[in-house]
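Subject: Structure for you to look at

Hello,

I am passing on the structure we talked about, with my notes below it. Please open it alongside the text.

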Amino acid sequence: MLPILYFGLTTVVGVGELGDNTAHLWVRFASRLFALAATVELLRLWVPRRRRRTARPMPRGTGFQTVGVFLALTAVGMFEDEKSDVFAAACTVWVLSALLLLAGTGLRLPRTTRTSSTPARCTQRTR
């Protein structure tokens, strides 16, 4: 529930708009859009799991993706902060967020099971 509240608040407030620091227009728009998309996706996954009889865990990789989006929004806020010298830290956070997003997406992909590594061959012989 806490990530949903955070992303909902970020949808309203935006990223990089604290004090006298104002982010670029595209950053304000894009950060709100990404936060709204994260909020909608988490609500889409979480609401059906609130029922007692159908309660199941969240899909694999959801945590990685949520933390990845959170860190990406944090990195954008760090990049937009012109008064502090945190460029190296922002780059590190951005790379970590990209890795978490890729890992979460990889875990969310449907699994395919294959019985053997070689393709099936016709076993009937013609006379």
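T39 lies in helix α2. This is a predicted model, and every value below is computed from it. Is T39 buried or exposed? Its relative accessibility is 10%, and because buried means under 20%, T39 counts as buried. Leaving out residues up to four places away in sequence, T39 touches I4, F7, G8 and T11. The last of these, T11, is 28 residues from T39 along the chain, and the C-alpha atoms of the two are separated by 8.4 Å.

S31 is another residue of helix α2. With a relative accessibility of 3%, S31 counts as buried. Its contacts, apart from neighbours within four places in sequence, are G14, V15 and L73.

Helix α2 as a whole

The helix runs over residues 25–46. Why does its length agree with what is expected? At 1.5 Å a residue, the 22 residues of α2 should span 32 Å, and the end C-alpha atoms are indeed 32 Å apart. The buried residues of α2 are V27, S31, A35, A38, T39, L42 and L45. They cover an arc of only 135 degrees around the axis, so they sit on the same side of α2. An α-helix has 3.6 residues a turn, so residues three or four places apart point the same way. On the other side of α2, L25, W26 and F29 are exposed. The cover over the buried residues of α2 includes α1, α3 and α4.

Helix α1

Helix α1 covers residues 2–13. Its 12 residues should span 16 Å at 1.5 Å a residue, which agrees with the 16 Å between its end C-alpha atoms. Which residues of α1 are buried? They are I4, F7 and T10. Viewed down the axis of α1, the buried residues fall within an arc of 130 degrees, so they line one face of the helix. L2, L5, L9 and V12 are exposed on the other side of α1. The buried residues of α1 are covered by parts of the chain that include α2 and α3. After α1 comes G14, which has a positive phi, near 95 degrees.

The nonpolar core

The largest nonpolar core has 8 residues, namely I4, F7, V15, A35, A38, L42, V69 and L73. Helices α1, α2 and α3 (62–80) each supply at least two residues of this core. Which helix gives the most to this core? It is α2, with 3 residues. One member of the core, L73, touches Y6, F7, T10, V15, S31, F34 and A35, if residues up to four places away in sequence are not counted.

Salt bridges

How many salt bridges does the structure hold? There are 2. In one, the side chains of E41 and R44 meet, with 2.9 Å from N to O. Both E41 and R44 lie in helix α2, 3 residues apart, which is about one turn of the helix. E41 also forms a salt bridge with R108, where the closest N and O atoms are 3.4 Å apart. This pair links distant parts of the chain, with E41 in helix α2 and R108 in helix α4 (residues 87–108), 67 residues apart. E41, R44 and R108 are thus linked in a network of salt bridges.

Are E41 and R108 buried, partly exposed or exposed? E41 has a relative accessibility of 28% and so counts as partly exposed. R108, at 27%, also counts as partly exposed.

The chain overall

The secondary structure of the protein chain comes to 4 helices and 0 strands. Along the sequence the pattern is α-α-α-α. Of the 127 residues of the protein chain, 25% count as buried. Among contacts between residues at least 6 apart in sequence, 64% join residues at least 24 apart. The accessible surface of the protein chain comes to about 9,900 Å², and 65% of it belongs to carbon and sulfur atoms.

Regards

Key:
Residues are numbered from 1 along each chain as its sequence is written. This is a predicted model: local features need pLDDT of at least 70, side-chain atom pairs count only at pLDDT 80 or more; totals for chains, interfaces and linings use all residues. Side-chain values use heavy atoms; hydrogens and water are left out. A salt bridge is a side-chain nitrogen of Lys or Arg within 4 Å of a carboxyl oxygen of Asp or Glu. Buried means under 20% relative accessible area, exposed over 50%, partly exposed in between (1.4 Å probe, protein chains only). A nonpolar core is a set of buried Ala, Val, Leu, Ile, Met, Phe, Trp, Tyr and Cys residues joined through side-chain atoms within 4.5 Å. Contact means heavy atoms within 4.5 Å. The expected span of a helix is 1.5 Å times one less than its number of residues. The arc is that of the directions from the helix axis to the C-beta atoms. Accessible areas come from the Shrake-Rupley method with a 1.4 Å probe; for residues, only the protein chains shown count as cover.
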